[in-house]
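Let's take a friendly walk through the empty spaces of this protein. With the model open beside you, you can pick out each set of lining residues as we go.

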Amino acid sequence: MKGISRVEMEKRIVRYGDLQPCRTAFIDAHTPGSNYKENFTIIGGGVSESPDQHVHIKETPGFNIGAAGQPPYCKNSLHLHTTAEVFFVLSGRWRFFWGLHGTAGEVICEAGDIFNIPTGVFRGFENIGDDYGMIMSILGGDDAGGGVTWAPQVIEDAKAHGLILGDNGRLYDSKKGESLPEGIAPMPLLTKEALKQYPEVPTSVIVPDYVARYWDMMALAKKAPCQVIGEQALIKDKPGFAVDFLTRGSISEEAYQTDCHEVLMVKTGHWTLKWLDDTGAEVKTSIAPGDVVAVPPNLMHSIYPSMFGEAALFRVRNTVEPAGPTWMLN
């Protein structure tokens, strides 16, 4: 492409300090233990069930980017997706658990760790750290898989606290005087027969093949980008996008371009993003932990740490494979 002005590029940068939370995004928003969650949709509409959800960048590159912020011991209830749901821990200490009742297995993830949760597996998570924590998410597909499928008990618990999910995928809050509109039925519960198709996968299967640890990636990315998710990556999957991990030693200041959409998600350190504007001149800005940048295809640009110290970011690119079920388990 010819180039992009500073004004237009800034529209493609969502800075951590500018994130706008939604506290009523999902059906468990009133359920005790889950009622202090904050949901963020950064790129694409995500899977929020609330009309109050703010979307920072509506254009999607074949996947969605979001985030969840939670205080200590606040849980995200058991649910599943039909396309990839990948999390990396920006801050805090998180317990991920899975299975219909959350008892099939669990793993603890620390800052920088990344988890590609298999599709078709009920999953939930909670911040078990001492302070507010944030996890960043990548959801496969322009429509993020079409929405969330909740474990039946989650829908029943929510109803007892005033929230009803319609079969149109929207929440209705009886505490606000809302009720299901004419022609809209409650979201049906999964039957016992339907639940049989969702596996109770043991920890011994999930942790070795679906989790990558921050300090392992730091070591592997010392001289070249570490391939984190991809056909030949640490986590072998083809979810419609590929994920690399970059440190100061794995990328130079030399400009490059790609015909893919490229999303940069900063984990650690401050980075300089440099590109050509619409006049052909070089322009640059700084990005920091928690910032997300949507770099358009064919833009000549470079990314490199702007100061000494620890520096790491995830780079996500769309691929030719369609979004769909997790490759290995399905």
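What follows is a tour of the pockets and cavities in this predicted model.

**Volumes and lining classes**

The table sets out the four spaces with their volumes and the make-up of their linings.

| Space | Volume | Nonpolar | Polar | Charged |
|---|---|---|---|---|
| Largest pocket | about 210 Å³ | 4 residues | 6 residues | 4 residues |
| Second largest pocket | about 170 Å³ | 5 residues | 9 residues | 2 residues |
| Largest cavity | about 290 Å³ | 14 residues | 12 residues | 5 residues |
| Second largest cavity | about 60 Å³ | 6 residues | 2 residues | 3 residues |

**The pockets**

Start with the largest pocket, where 14 residues form the lining. If you want to centre your view, select Ser34, Lys75, Ser77, Leu78 and Val154, which lie nearest the middle of this pocket. Which element gives the most to the lining of the largest pocket? That is β5, with 4 residues. Strand β5 spans 75-80, and β7 (94-98) and α2 (152-160) likewise each provide at least two lining residues.

Next comes the second largest pocket, with a volume of about 170 Å³. Its lining is made of 16 residues, and those closest to the centre are Glu49, Gly146, Gly147, Val148 and Gly169. By class, 9 residues of this lining are polar, 5 are nonpolar and 2 are charged.

**The cavities**

How many cavities of 30 Å³ or more turn up in a search of the whole structure? There are 2.

The largest cavity holds about 290 Å³, and 31 residues line it. Around its centre, the nearest residues are Phe26, Asn39, Val47, Ala67 and Asn76. Two or more lining residues come from each of β2 (38-43), β4 (63-70), β5, β6 (85-91) and β11 (133-140). Among these, β4 has the largest share, at 6 residues. Strand β5 is worth a second look here: it contributes to the lining of the largest cavity and also to that of the largest pocket.

The second largest cavity has a volume of about 60 Å³. Its lining can be listed in full: Arg12, Ile43, Ile57, Glu59, Thr60, Pro61, His261, Glu262, Val263, Ala294 and Val295. Two strands, β19 (262-268) and β22 (292-295), each supply at least two of these residues. The 3 charged residues of this lining sit alongside 6 nonpolar and 2 polar ones.

Conventions: Residues are numbered from 1 along each chain as its sequence is written. This is a predicted model: local features need pLDDT of at least 70, side-chain atom pairs count only at pLDDT 80 or more; totals for chains, interfaces and linings use all residues. Side-chain values use heavy atoms; hydrogens and water are left out. On a 1 Å grid over the protein atoms alone, a cavity is a set of points where a 1.4 Å probe fits but cannot get out, and a pocket is an open set with protein on both sides within 12 Å along at least five of seven lines; lining residues have an atom within 4 Å of a point. Grid points are joined across faces, edges and corners, and a volume is the space filled by probe spheres set on the points. Ala, Val, Leu, Ile, Met, Phe, Trp, Tyr, Cys and Pro count as nonpolar, Asp, Glu, Lys and Arg as charged, and the others, Gly among them, as polar.
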